[in-house]
Amino acid sequence: MASSSSSSSSAAQALGGNPLEEWTGRVKALEARFRAWMAKQPIHVEAAVTTAVGVVQGGALGGLMGSLTADGGSPFPMPPPPPNANPQAVASFKQAQALAGGPLVQARNFAVMTGANAGISCVMRRIRGAEDIQGSMAAAFGSGALFSLVSGMGTPNPVASAITSGVAFAVFQGGFFMIGQKFSKRQGVSEDTYYSRTRSMLQKLGLEKYEKNFKKGLLTDHTLPLLTDSALRDVKIPPGPRLLILDQIKRVPGLAKAQ
C-alpha cells in the first residue's frame with residue numbers, strides 16, 4: 001500500500017513538475033492570450049479596458065496611501081485655513097489637502113490619475129505604433145491635468161492650474177523617459193532602438209520570444225510595412241504567430257507606414 005502511494009506520488013511529480021512553475025506558466029499563458037485578444041480589439045475597446053484596469057490599480061494604491069496618511073492616524077493633523085486667507089493661501093491649502101486626504105479622497109485622485117495615464121498611453125501607442133516619448137508625455141499631461149481638476153488643487157483658477165500641472169507632469173515624465181533610454185544605451189542595447197516598434201508590437205501580442213528572430217533576420221522597424229508571410233517564415237516564426245503579426249501590422253496605422 002505504501003509502495004503504491006509513493007509510486008503514485010512520484011508519477012504525479014513526474015507529470016506535473018514543480019507546482020509553482022506550472023502555475024506561473026498558466027498565468028503567463030493567460031496573459032499572452034489576453035494580450036492577443038486585446039490587440040485584435042478596436043482602439044476604443046482596448047483603451048476602455050486599459051483605463052478601467054488603471055482606475056482599479058490607482059484606486060487601490062490611493063486608498064492604501066490615504067489610510068496611512070489620514071489625519072486620524074497622523075500625529076500632525078492638518079489645520080483648517082484661516083477664515084480671511086487670500087486666494088493664494090487657499091490654493092496652497094487645497095494642494096496640501098489633495099495630497100493628504102483620507103482613503104476615499106486619495107483613492108479617487110489616484111484612480112483618475114492612473115486611469116487617464118493608462119488610457120491615453122494606450123491610444124497613443126496604437127496610433128504611433130510604439131511607446132515613445134511623445135506618447136508618454138501626452139499621457140502624463142492628461143493625467144496631471146485631470147488630477148488637478150478632480151483633487152481641487154486649482155483653486156481659484158482651475159483651468160490654469162490644470163494646464164500647469166499637466167505641463168509639469170509631462171516634463172517630469174519626458175525627463176524620466178529620456179533618462180531610461182540613456183541608461184539602456186549605456187547597458188549596450190543602443191542598437192535596440194531599431195526594434196522599438198517591433199518590440200512593442202510583440203509585447204502586445206504576447207510574442208516577445210520572437211524578437212530574436214526579427215533581429216537575426218535584420219527585420220527592423222523600417223521593414224514592418226514590407227513584411228510578408230514568407231519573410232517571417234524565413235526567420236523561423238511559426239504560422240500562428242505569423243498571422244497575428246501580419247494582422248496587427250494591418251490594424252495599427254503606425255506600423256503600416258514606413259518611418
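**Core, helices and confidence in a predicted model**

Trainee: Which residues touch the most other members of the largest nonpolar core?
Mentor: The structure is a predicted model. Its largest nonpolar core has 18 residues. Helices α8 (196-205) and α11 (239-251) each supply at least two residues of this core. The members that touch the most others are M201, F214, L227, L232 and I245.

Trainee: With which residues is L227 in contact, leaving aside its neighbours within four places in sequence?
Mentor: L227 is among the core members that touch the most other members. Once neighbours within four places in sequence are set aside, L227 is in contact with F214, L219, L232, L246 and I249.

Trainee: How many helices and how many strands does the protein chain have?
Mentor: From the N terminus on, the elements run α-α-α-α-α-α-α-α-α-α-α-α. The count for the protein chain is therefore 0 strands and 12 helices.

Trainee: What share of the contacts with a separation of 6 or more comes from residues 24 or more positions apart?
Mentor: Of the 259 residues in the protein chain, 33% are buried. Among contacts with a separation of 6 or more, the share from residues 24 or more positions apart is 67%.

Trainee: Where in the protein chain is confidence lowest, and where is it highest?
Mentor: The average pLDDT of the protein chain is 78, and 74% of the residues score at least 70. Residues 1-16 stay under 50, and the model has 2 contacts beyond four places in sequence for them. Over residues 72-76 the pLDDT is also below 50, with 0 contacts beyond near neighbours in sequence. Confidence is lowest in helix α1 (residues 2-16), at a mean of 45, and highest, at 93, in helix α10 (residues 229-234).

Trainee: Why do the buried residues of α11 line one face of the helix?
Mentor: The buried residues of α11 are P241, R242, I245, L246, Q248 and I249. The face turned away from this buried side carries the exposed residues P239, L243 and K250. The buried residues line one face because, seen down the helix axis, they fall within an arc of 160°.

Trainee: How far apart are the end C-alpha atoms of α11?
Mentor: At 1.5 Å a residue, the 13 residues of α11 should span 18 Å. The model agrees with this expectation, since the end C-alpha atoms are separated by 18 Å.

Trainee: How far apart in space are the C-alpha atoms of K40 and V252?
Mentor: K40 is placed in helix α2 (residues 19-40), and its relative accessibility of 40% makes it partly exposed. Not counting residues up to four places away in sequence, K40 touches L244, D247 and R251. K40 and V252 are 212 residues apart in sequence, yet their C-alpha separation is 9.9 Å.

Trainee: Is E46 buried or exposed, and which side chain makes a polar contact with the side chain of E46?
Mentor: E46, in helix α3 (residues 43-69), has 3% relative accessibility, so it counts as buried. Apart from residues up to four places away in sequence, E46 touches M38, Q41, C122, R125, R126 and K204. The C-alpha atoms of E46 and R126 are separated by 9.3 Å, although the two residues are 80 apart along the chain. The polar contact of the E46 side chain, at 2.3 Å, is with the side chain of K204.

Trainee: What is the length of the polar contact that joins the side chains of S161 and S148?
Mentor: S161 is found in helix α7 (residues 158-189) and counts as buried at 14% relative accessibility. S148 is one of the buried residues of α6. The polar contact between the two side chains has a length of 3.2 Å.

Trainee: How far apart are the end C-alpha atoms of helix α6, and which residue follows that helix?
Mentor: At 1.5 Å a residue, the 19 residues of helix α6 (residues 133-151) should span 27 Å. The end C-alpha atoms are 26 Å apart, which agrees with that value. The residue that follows α6 has a positive phi, near 80°, and is G152.

Trainee: What are the phi values of L218 and K236?
Mentor: L218 lies in the loop between α9 (211-216) and α10, and K236 is found in the loop between α10 and α11. L218 is exposed at 62% relative accessibility, and K236 is exposed with a relative accessible area of 66%. Neither is a glycine, yet phi is positive in both: about 55° for L218, and for K236 near 65°.

Note on methods
Residues are numbered from 1 along each chain as its sequence is written. Side-chain values use heavy atoms; hydrogens and water are left out. Helices (H or I, at least four residues) and strands (E, at least two) are DSSP runs, numbered from the N terminus. Buried means under 20% relative accessible area, exposed over 50%, partly exposed in between (1.4 Å probe, protein chains only). A polar contact is a pair of N or O atoms within 3.5 Å; within protein, one must be able to donate a hydrogen and the other to accept it, and residues adjacent in sequence count only if both atoms are side-chain atoms. A nonpolar core is a set of buried Ala, Val, Leu, Ile, Met, Phe, Trp, Tyr and Cys residues joined through side-chain atoms within 4.5 Å. Contact means heavy atoms within 4.5 Å. pLDDT is the predictor's confidence in each residue, from 0 to 100. The expected span of a helix is 1.5 Å times one less than its number of residues. The arc is that of the directions from the helix axis to the C-beta atoms.
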